[in-house]
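Trainee: I would like to go through this model by question and answer. Where shall we begin?

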Amino acid sequence: MVTNLLSIENLVVNPAESGGTRFLLVSVALELREPSLVEELGARDVELRDALLRCFGMKTVDELTDVAQREALMQ
C-alpha cells in the first residue's frame, strides 16, 4: 500500500480549442516522495485543483487522447 499518494478526483476540464463543446472528467493520483507532503498539499487542495485544471485546459482533445503523449502528461 502506497502511503505517499494524494488523489484528486472529478476535475471537469474544458480542453483548449473545444469552444466549450467538449469536456473531460479527470482523476489524478500523485505519488509524493515525502509523506508529509500528502497532508501539506491536501491542505492546499483548491490551489492544486486550479493548477491541474490550467495544465489540462491548455491541451487540445487530440493531445489529451493521444496515447503517445501520456508519459509527457504524467511528468
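Trainee: This is a predicted model. Which helix holds both Arg-54 and Asp-50, about one helical turn apart?

Mentor: The two residues are four apart in sequence. Because of that spacing within one helix, about one helical turn separates them. The helix is α2.

Trainee: How far apart are N and O where the side chains of Arg-54 and Asp-50 meet?

Mentor: Side chains of opposite charge can pair when their charged atoms come close. The cut-off for a salt bridge is 4 Å between nitrogen and carboxyl oxygen. Arg-54 and Asp-50 do form a salt bridge, with an N to O distance of 3.0 Å.

Trainee: Is Arg-54 buried or exposed?

Mentor: Exposed means over 50% relative accessible area. Arg-54 has 51%, so the residue is exposed. Its partner Asp-50 has 37%, so Asp-50 is partly exposed. For Arg-54, then, the answer is exposed.

Trainee: Which residue forms a salt bridge with Asp-45?

Mentor: Stay in helix α2, residues 45-57. Asp-45 and its partner are four residues apart there, so about one helical turn lies between them. The closest N and O atoms are 3.0 Å apart. The partner is Arg-49.

Trainee: What is the relative accessible area of Arg-49?

Mentor: Asp-45, across the salt bridge, has 27% and is partly exposed. Arg-49 is partly exposed too, with a value of 26%.

Trainee: Which residue meets Arg-44 in a salt bridge?

Mentor: The N to O distance in this pair is 2.9 Å. Arg-44 is partly exposed at 39% relative accessibility. Its partner is partly exposed at 46%. That partner is Glu-47.

Trainee: How many salt bridges does the count come to?

Mentor: We have met Arg-54 with Asp-50, Asp-45 with Arg-49, and Arg-44 with Glu-47. The count comes to three.

Trainee: Turn to the pocket. Which element gives the most to the lining of the largest pocket?

Mentor: The largest pocket has a volume of about 450 Å³. Of its 14 lining residues, the closest to the centre are Val-28, Phe-56, Leu-73, Met-74 and Gln-75. β2, α2 and α4 (70-74) each supply at least two lining residues. The most, five residues, come from β2.

Trainee: How many residues of that lining are nonpolar?

Mentor: Take the other classes of the lining before the one you asked for. Two residues are polar and three are charged. The nonpolar residues number nine.

Trainee: Which residues make the nonpolar surface patch of about 330 Å²?

Mentor: Start with Leu-25, in strand β2 (residues 24-31). Leu-25 has 52% relative accessibility, so it counts as exposed. The patch is made by Val-12, Phe-23 and Leu-25.

Trainee: Now the backbone. What is the phi of Asn-10?

Mentor: Asn-10 lies in strand β1 (residues 5-13). Its relative accessible area is 51%, so Asn-10 is exposed. Although Asn-10 is not a glycine, its phi is positive, at about 60°.

Trainee: Where is Glu-17 found?

Mentor: Glu-17 is another non-glycine residue with a positive phi, about 65°. At 78% relative accessibility, Glu-17 counts as exposed. Its place is the loop between β1 and β2.

Key: Residues numbered from 1 in each chain as written. Predicted model: local features only at pLDDT ≥ 70, side-chain atom pairs only at ≥ 80, totals over all residues. Heavy atoms only, no water. Patch = residues over 30% accessible without salt bridge, like charges linked within 9 Å, V, L, I, M, F, W, Y side chains within 5 Å. Areas by Shrake-Rupley, 256 points an atom, 1.4 Å probe, with all protein chains shown as cover. Buried < 20%, exposed > 50% of the residue type's maximum accessible area, 1.4 Å probe, protein only. 1 Å grid on protein atoms, 1.4 Å probe; cavity = no way out; pocket = protein on both sides within 12 Å on 5 of 7 lines; lining within 4 Å. Points joined across faces, edges and corners; volume = space filled by probe spheres on them. Nonpolar A, V, L, I, M, F, W, Y, C, P; charged D, E, K, R; others polar.
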